[in-house]
Amino acid sequence: MTHPLRIGIWALVHGNRAALNDPEEPYDASWPRNQALVQEAESLGYDCVLVAQHTANPHKESLDQLEAWTAAAAMAATTSRIEIIAAIKPMLYHPVVLAKMALQIEHISQGRFAINLVNAWNQREIVNAGIHFLEHDARYAYGAEWLECVTCLMQGERLSHHGAHFQIEDYMLRPAGTFRPRPRIYVGGESEPARALSAAQADVWFINGQPLPDVQALIADVARRPRPGEPLRYGLSAFVIARETEAEAQAAYERLLALAAQDTDIKAYVKANTDPAVVMRQTMAKSIRVGTNGGTAAGLVGSYDQVAQRIAAFHAAGIETLLLQFQPFEAEMRRFARHVRPRIAG
Ligand SMILES: Cc1cc2nc3c(=O)[nH]c(=O)nc-3n(C[C@H](O)[C@H](O)[C@H](O)COP(=O)(O)O)c2cc1C
């Protein structure tokens, strides 16, 4: 069963999504900007906001970086309808502490909070903090055990857990279950262990932007896996450039491509810090694009009608949640709400 389409945005935790130096979007990853952005997104009818988690700025350490969990709590307190999804890297937070934080934001938001478990690509963020960076599949084994503990605690259950990584004795958290059984769980990642973890423990599997046939193949692979409870749902990241005509959209795309080409220092820094084993790197290498997490590789560059039709095709393929990026963000977010959203049924 396909659920109604939900459309959300990426918060600007590290500023611009496509190119750092853009005269139309000066760098700004501040709280006031993000607060205004999320409040406006809510008033425009967007369904959710993803707050990515990075401790230091992953593109350039000297640039500002919004802290995901404190910002998510503040967003929860200053909005009333939009779902707030905060990313989390298990190696950085003990499951008891993280479950407590999640339950508190669930309470502040009155049942609108979700976590997005991501298993890290930026080795520098972890290693330079003095934390051992496990290899790719071992990170997923750690993340699976971590998520079992967090889920149990978020459900308000009493937890005693003795595993390879955590020893937790007779622990229970309150308040829990006030608004629904627990916050929603997303998992972001595409590798084999990411798929297994999603099938076993996630509510929503969240993948990088890529062409429709690739998305259909990924969904088919995960949907055939046995899993407990409700069927898994699917989310896709995408960078949108929509205009009245295809030619205008193409010109806007080329403007961003030219600006992004200037970010050679950022690309080199990201490459040097990326774990070569992460599948995200291979997905991104498949095409020329702008934006993070697949960006325009999802093909949402075109006329208003084309973009609406392509989104409808992703929805028909099983994508229930789209998390969008734009540049300049606020202006393009408004344009999408005005011209593209009304053209999409559901
Ligand atoms: C939708 C999505 C959101 C992500 N958000 C973050 C994030 O907030 N912080 C981060 O460090 N990595 C983020 N990542 C990247 C993951 O950490 C990275 O892809 C992870 O290593 C999963 O690897 P895999 O694709 O090899 O399974 C995200 C990935 C996806 C697909």
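**View 1. Asn 116 meets its bridge partner, Tyr 186, in strand S7.**
This is a predicted model, so local features are kept only at pLDDT of at least 70 and side-chain atom pairs only at pLDDT 80 or more, while totals for chains, interfaces and linings use all residues. Residues are numbered from 1 along each chain as its sequence is written, and side-chain values use heavy atoms, leaving out hydrogens and water. Strands and helices here are DSSP runs numbered from the N terminus, with E runs of at least two residues for strands and H or I runs of at least four for helices. Another bridge to look for is the one that pairs Leu 117 with Val 187 in S7. Altogether S4 and S7 run parallel and are joined by 5 bridges; two strands count as paired if DSSP finds at least two bridges between them. How many of the residues of S4 are buried? The count is 5 of 6, so S4 is mostly covered, where buried means under 20% relative accessible area, exposed means over 50%, and partly exposed is in between (1.4 Å probe, protein chains only).

**View 2. Strand S7 carries on to strand S8 by way of a helix.**
S7 spans residues 184-188, and 4 of its 5 residues are buried. Val 187 turns up again here, with Trp 205 as its bridge partner in S8. S8 covers residues 204-207 and runs parallel to S7, with 3 bridges between them. To get from S7 to S8, the chain passes through helix H6 (residues 192-201), making a right-handed β-α-β crossover. Right-handed means that, with the strands pointing away from the viewer, the path from the first strand over the helix to the second runs clockwise.

**View 3. Strand S3 pairs with S4.**
S3 takes in residues 83-88, and 5 bridges tie it to S4 in the parallel sense. One spot to pick out is Ile 85, which stands opposite Ala 114 in S4. The link from S3 to S4 is helix H3 (residues 95-109), and this β-α-β crossover is right-handed. As a general point, side chains in a regular strand alternate between the two faces of the sheet.

**View 4. The ligand sits in a shell of 24 residues.**
Which residues come closest to the ligand? They are Lys 89, His 136, Tyr 140, Ser 191 and Val 279; a residue counts as near if one of its heavy atoms lies within 4 Å. Strand S4 (113-118), helix H5 (136-154) and helix H10 (279-285) each provide at least two residues of this shell. By type, the shell has 12 nonpolar, 10 polar and 2 charged residues. In that sorting, Ala, Val, Leu, Ile, Met, Phe, Trp, Tyr, Cys and Pro are nonpolar, Asp, Glu, Lys and Arg are charged, and the others, Gly among them, are polar.

**View 5. Oxygen atoms of the ligand meet polar atoms of the protein.**
Tyr 140 has a polar side-chain atom 2.5 Å from a ligand oxygen. For His 136, a polar side-chain atom is 2.7 Å from an oxygen of the ligand. Gln 53 joins in with its backbone, where a polar atom is 2.8 Å from a ligand oxygen. On its own the ligand has 620 Å² of accessible area, and the protein covers 99% of that. Those areas come from the Shrake-Rupley method with a 1.4 Å probe; for residues, only the protein chains shown count as cover.

**View 6. Arg 225 makes a polar contact with Asp 221.**
Their side chains meet at 2.7 Å. A polar contact is a pair of N or O atoms within 3.5 Å; within protein, one must be able to donate a hydrogen and the other to accept it, and residues adjacent in sequence count only if both atoms are side-chain atoms. Where is Arg 225? Look in the loop between helix H7 (212-223) and strand S9 (233-239). Arg 225 counts as buried because its relative accessibility is 14%.

**View 7. Two cis peptide bonds and two positive phi values round off the set.**
Most residues other than glycine have a negative phi, and most peptide bonds are trans. Arg 174 and Pro 175 are joined by a cis bond with omega about 5 degrees, and Pro 175 is in the loop between strand S6 (167-171) and S7. Gln 327 to Pro 328 is also cis, with omega near -5 degrees. Ala 120 has phi near 80 degrees and is found in the loop between S4 and helix H4 (123-127). Asn 293, with phi near 50 degrees, is in the loop between H10 and S11.
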